[in-house]
Amino acid sequence: MKNVEEEIYLKSVKEMIRWSIERDDHLILISEEGGELTGYTSVHFLPYLFMGKPEGYVGELFVKTVWRGKGFGSELLRRAINEARERGCCRIRLINIRDRESYRRGFYAKQGWQERTDAADFMMKLD
């Protein structure tokens, strides 16, 4: 994204943060450097009745282009994992689109995440 597009995007993120402050089924974590927002991740906590424990789901992970490769994404993931553990989750998962730069460079695999080969990811657009 271009810097202007990133700033517009981050403004909408701030609005979502305000909306989610009072909710306990998800969490937004942010990273900062020198007072500047460098990135964020949103984590959702879903009940899994057949597992007997909830599951954590990383819905978004975003680090501004100029801050990528400096450990902010890794730190956000570490914090998400720790929160999932504290909430008693049996696992935490995410989806990474294969044509994204983060997938091509193996970002999540380098963090210890395993790519599932036994499941298909389906979606249905509602708008």
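What is the volume of the second largest pocket? In this predicted model, the second largest pocket has a volume of about 730 Å³. Its lining comprises 28 residues, of which L61, F62, R100, S102 and Y108 are the closest to the centre. The elements that contribute two or more residues to this lining are strand 3 (55–63), helix 2 (72–86), helix 3 and helix 4, and strand 3 gives the most, with seven residues. Sorted by class, the lining of the second largest pocket consists of 15 nonpolar, seven polar and six charged residues.

The largest pocket encloses about 850 Å³ of space. It is lined by 24 residues, and those closest to its centre are L94, I95, Q114, E115 and R116. Two or more lining residues come from each of strand 4 (91–94), helix 3 (101–104) and helix 4 (107–110), with strand 4 giving the most, namely four residues. Twelve nonpolar, six polar and six charged residues make up the lining of the largest pocket.

These pockets belong to a protein whose secondary structure comes to four helices and four strands, arranged along the sequence in the pattern α-β-β-β-α-β-α-α. Of the 127 residues in the protein, 29% are buried. Among the contacts with a separation of 6 or more, 51% are accounted for by residues that lie 24 or more positions apart.

Helix 2, one of the elements lining the second largest pocket, was examined in more detail. At 1.5 Å a residue, the 15 residues of helix 2 should span 21 Å, and this agrees with the model because the end C-alpha atoms are 21 Å apart. The buried residues of helix 2 are F72, G73, L76, L77, A80 and A84. Around the helix axis they cover an arc of only 135 degrees, and they therefore lie on the same side of helix 2. The packing partners of these buried residues are strand 1 (26–33), strand 2 (36–46), strand 3, strand 4 and helix 4, whereas the face of helix 2 turned away from the buried side carries the exposed residues R85 and E86. Helix 2 is followed by G88, which has a positive phi, near 80 degrees.

Within helix 2, L76 illustrates the buried side at the level of a single residue. L76 has a relative accessibility of 1% and therefore counts as buried, the cut-off for this class being under 20%. When residues up to four places away in sequence are not counted, L76 touches L29, I30, S31, G39, Y40, T41, L61, F62 and V63. Of these contacts, L61 and F62 are also among the residues closest to the centre of the second largest pocket. The C-alpha atoms of L76 and S42 are separated by 9.4 Å, although the two residues are 34 residues apart along the chain.

A contrasting position is G52, located in the loop between strand 2 and strand 3. With a relative accessible area of 63%, G52 is classed as exposed, because the cut-off for that class is over 50%. The C-alpha atoms of G52 and C89, which are 37 residues apart along the chain, are separated by 9.3 Å.

Terms used: Residues are numbered from 1 along each chain as its sequence is written. This is a predicted model: local features need pLDDT of at least 70, side-chain atom pairs count only at pLDDT 80 or more; totals for chains, interfaces and linings use all residues. Side-chain values use heavy atoms; hydrogens and water are left out. On a 1 Å grid over the protein atoms alone, a cavity is a set of points where a 1.4 Å probe fits but cannot get out, and a pocket is an open set with protein on both sides within 12 Å along at least five of seven lines; lining residues have an atom within 4 Å of a point. Grid points are joined across faces, edges and corners, and a volume is the space filled by probe spheres set on the points. Ala, Val, Leu, Ile, Met, Phe, Trp, Tyr, Cys and Pro count as nonpolar, Asp, Glu, Lys and Arg as charged, and the others, Gly among them, as polar. The expected span of a helix is 1.5 Å times one less than its number of residues. Buried means under 20% relative accessible area, exposed over 50%, partly exposed in between (1.4 Å probe, protein chains only). The arc is that of the directions from the helix axis to the C-beta atoms. Contact means heavy atoms within 4.5 Å.
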